[in-house]
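Hi everyone, thanks for making time. I'd like to walk you through a structure that's probably new to you, so grab a coffee and have a look at the screen.

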Amino acid sequence: MNFWHALSALDTGPLVFLAFALLTAFAFEFINGFHDTANAVTTVIYTRSMPATPAVLFSGFMNFLGVLLGGTAVAFGIVNLLPVDLLVHGRSGAALVMVLSLLLAGVTWNLGTWYLGLPVSSSHTLIGSILGVGIANSLWNGAGLTGVNWRECEKVGLALFLSPLLGFVLSGVLLLLLRVGFRSPRLYSPPQGDDRPPGAIRAVLIATCGGVSFAHGSNDGQKGMGLLLLVLIGFFPLHYALTVNEPESAPALYAAAGDLRADYARAGVPVPQPVHEGLSVIEEELKGKASFDDLPRDKDTRWEVRQAVMSVARELKQAEANDALPAGFRRAVGERRKAQFLPAVEYVPLWVVIGTALALGIGTTVGYKRIVETVAEKIGKTHLTYGQGVVAQTATASIIVAASHIGLPVSTTQVLSSAVAGSMVANRSGVQGGTVAKIFLAWVLTLPACMALAALLFTAGRLLVG
């Protein structure tokens with residue numbers, strides 16, 4: 001199914017709204033660039049390891065690479081917060097309002113906090129906006145609080161809560177270890193005049209700046225991909241129901257259904273009813289099909305196949321964790337789920353990856369000064385030292401890379417701000433209570449504020465469209 005064919009089927013009104021939604025999603029990622037990535041360049045600028053302009057260009061490039069090479073696990077962590085069935089089963093006007101409301105709420109909050117110089121979390125902003133429209137939509141339809149995937153929310157919420165604490169502790173511990181191995185007082189005192197760090201420390205600071213930027217791109221860039229996928233699924237649910245990157249993988253998915261039945265038979269494990277029903281849909285609809293594009297365009301067949309794949313994948317994930325089943329069987333179905341079933345539904349179009357990478361990379365190069373000044377000058381009572389810069393960036397990059405590998409969205413802003421504070425405490429430099437209180441207040445308020453803003457925008461939009 002050609003994208004331009006799907007695009008040409010839209011009337012003028014929805015086409016305009018689609019363009020607006022895509023621009024807003026890219027704008028969110030652009031703002032994320034100078035809002036969050038400012039953290040990555042703070043230490044190299046304030047330790048005089050690099051001048052500001054080369055530092056932000058370097059950071060922008062590493063963000064770009066991070067998006068391109070960082071995978072897609074976090075993107076689907078974002079997408080799965082909001083059951084995409086809501087976008088499909090609802091009328092087109094309701095789906096449109098949901099997507100636009102969460103986008104506008106996220107952009108508004110990020111711009112407002114950037115103007116005030118508060119390093120708040122774009123992750124909290126985005127997740128709060130998604131929760132707001134999900135809850136508002138389910139309440140509007142009299143479905144209670146079912147409009148949100150609460151199990152996924154628990155996992156994401158725990159990651160957002162624990163990651164700043166880990167940043168604080170890990171940074172403090174690393175600084176204490178650094179003091180044991182490197183005793184030069186110069187590393188733990190604020191730079192004087194035009195003093196620059198020693199060559200080795202400067203190299204480490206530049207390398208960790210690149211590491212934080214790459215990690216930020218690999219994690220936050222995927223959040224932008226998730227946003228764009230919500231837009232595309234909302235407007236073109238049938239087109240994007242199944243992979244458009246490798247539509248020719250339809251025969252492989254059909255074969256995987258038969259192979260999975262054989263796995264159950266060999267292990268002597270009864271096939272669960274959801275798996276049987278899902279495999280039956282896959283086998284019936286894909287039999288003799290050389291491509292997903294061969295599925296009917298005027299029916300919901302593509303979405304039915306997607307739902308069947310998702311149902312089977314959920315059951316296989318539960319089977320993987322079931323210790324009562326044979327170990328070999330659990331390994332086999334786990335590999336089959338990841339290699340053959342999920343790729344059919346969990347994918348990101350190449351143009352979305354490149355567009356997100358460009359938006360985040362270019363955004364990094366502008367508007368960074370407000371956040372940089374807050375992190376470097378207003379968290380601690382003294383100027384950032386060379387040692388603090390090294391440990392704060394090392395801790396931040398390590399935590400974000402680990403979270404991206406697991407598929408959890410975390411906040412670069414919160415992790416680095418906490419890491420700087422942890423290094424200040426470990427160095428006995430002290431922290432500025434007023435600034436820390438403001439950052440903490442913004443951290444606490446971001447989620448409920450974005451939920452409320454998104455819900456209000458959704459309600460106003462539904463009243464307008466009926």
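Let's begin with R261, which at 24% relative accessibility counts as partly exposed. Its side chain meets that of E283 in a salt bridge, at 3.2 Å from N to O. E283 lies in helix 12, residues 273-286, and R261 in helix 11, so this pair ties together parts that are 22 residues apart in sequence. And E283 is partly exposed too, because its relative accessible area is 21%, and the band for that label starts at 20%.

Just so we're clear, this is a predicted model.

Staying with salt bridges, how many does the count come to? The answer is six. Another of them joins the side chains of R336 and D259, at 3.8 Å from N to O. R336 sits in helix 14, residues 327-341, and D259 in helix 11, residues 250-267, so we have a link between distant parts of the chain, 77 residues apart. Is R336 buried or exposed? R336 is buried, with a relative accessible area of 15%, since the cut-off for buried is under 20%. D259, on the other hand, has a relative accessible area of 35% and is partly exposed. These two also belong to something wider: D259, D263, R266 and R336 are linked in a network of salt bridges.

Helix 14 comes up again in the next pair. The side chains of R337 and E320 meet in a salt bridge at 2.7 Å, N to O. Here R337 is in helix 14 and E320 is in helix 13, residues 301-320, with their positions 17 residues apart in sequence. R337 is buried, at 11% relative accessible area, while E320 is partly exposed, at 22%.

Okay, let me zoom out to the whole chain. It has 19 helices and zero strands. Of its 466 residues, 54% are buried. If you take the contacts with a separation of 6 or more, 85% of them are between residues 24 or more positions apart. As for the outside, the chain exposes about 19,100 Å², and carbon and sulfur atoms supply 65% of that.

Now for the inside. The largest nonpolar core has 76 residues, and the ones with the most contacts inside it are L260, I282 and F341. Which helix gives the most to this core? That's helix 7, residues 92-115, with ten residues. For a closer look, take I282: leaving aside neighbours within four places in sequence, I282 is in contact with L253, Y254, A257, K287, A308, V309 and F341. There's also a second, separate core of 18 residues, and V41, Y46, V56 and Y386 are among its members.

Y386 brings me to P197. You'll find P197 in the loop between helix 9, residues 150-181, and helix 10, residues 199-235. Despite being in a loop, P197 is buried, with a relative accessible area of 7%. What is P197 in contact with, once you leave aside neighbours within four places in sequence? The list is T47, R48, S49, R186, R202, L205 and Y386. R48 is a nice one to point at: P197 and R48 are 149 residues apart in sequence, but their C-alpha atoms are 7.3 Å apart in space.

Last stop, the surface. F30, L68, L69, L350, I354, L358, I362 and V366 make a nonpolar surface patch of about 690 Å². Helix 4, residues 52-69, and helix 15, residues 350-364, each supply at least two residues of that patch. Helix 15 gives the largest share, four residues. L69 is in helix 4, and at 62% relative accessibility L69 counts as exposed.

Helix 15 deserves a moment of its own. With 15 residues at 1.5 Å a residue, helix 15 should span 21 Å, and its end C-alpha atoms are indeed 21 Å apart, so the two agree. Buried residues in helix 15 include V352, V353, G355, T356, A357, A359 and L360. Put that beside the patch members L350, I354, L358 and I362, and keep one general point in mind. An α-helix has 3.6 residues a turn, so residues three or four places apart point the same way.

That's my tour. Happy to take questions!

Note on methods:
Residues are numbered from 1 along each chain as its sequence is written. This is a predicted model: local features need pLDDT of at least 70, side-chain atom pairs count only at pLDDT 80 or more; totals for chains, interfaces and linings use all residues. Side-chain values use heavy atoms; hydrogens and water are left out. A nonpolar core is a set of buried Ala, Val, Leu, Ile, Met, Phe, Trp, Tyr and Cys residues joined through side-chain atoms within 4.5 Å. Buried means under 20% relative accessible area, exposed over 50%, partly exposed in between (1.4 Å probe, protein chains only). Contact means heavy atoms within 4.5 Å. Patches are made of residues with over 30% relative accessible area and no salt bridge: like charges are joined within 9 Å, nonpolar side chains (Val, Leu, Ile, Met, Phe, Trp, Tyr) within 5 Å. Accessible areas come from the Shrake-Rupley method with a 1.4 Å probe; for residues, only the protein chains shown count as cover. A salt bridge is a side-chain nitrogen of Lys or Arg within 4 Å of a carboxyl oxygen of Asp or Glu. The expected span of a helix is 1.5 Å times one less than its number of residues.
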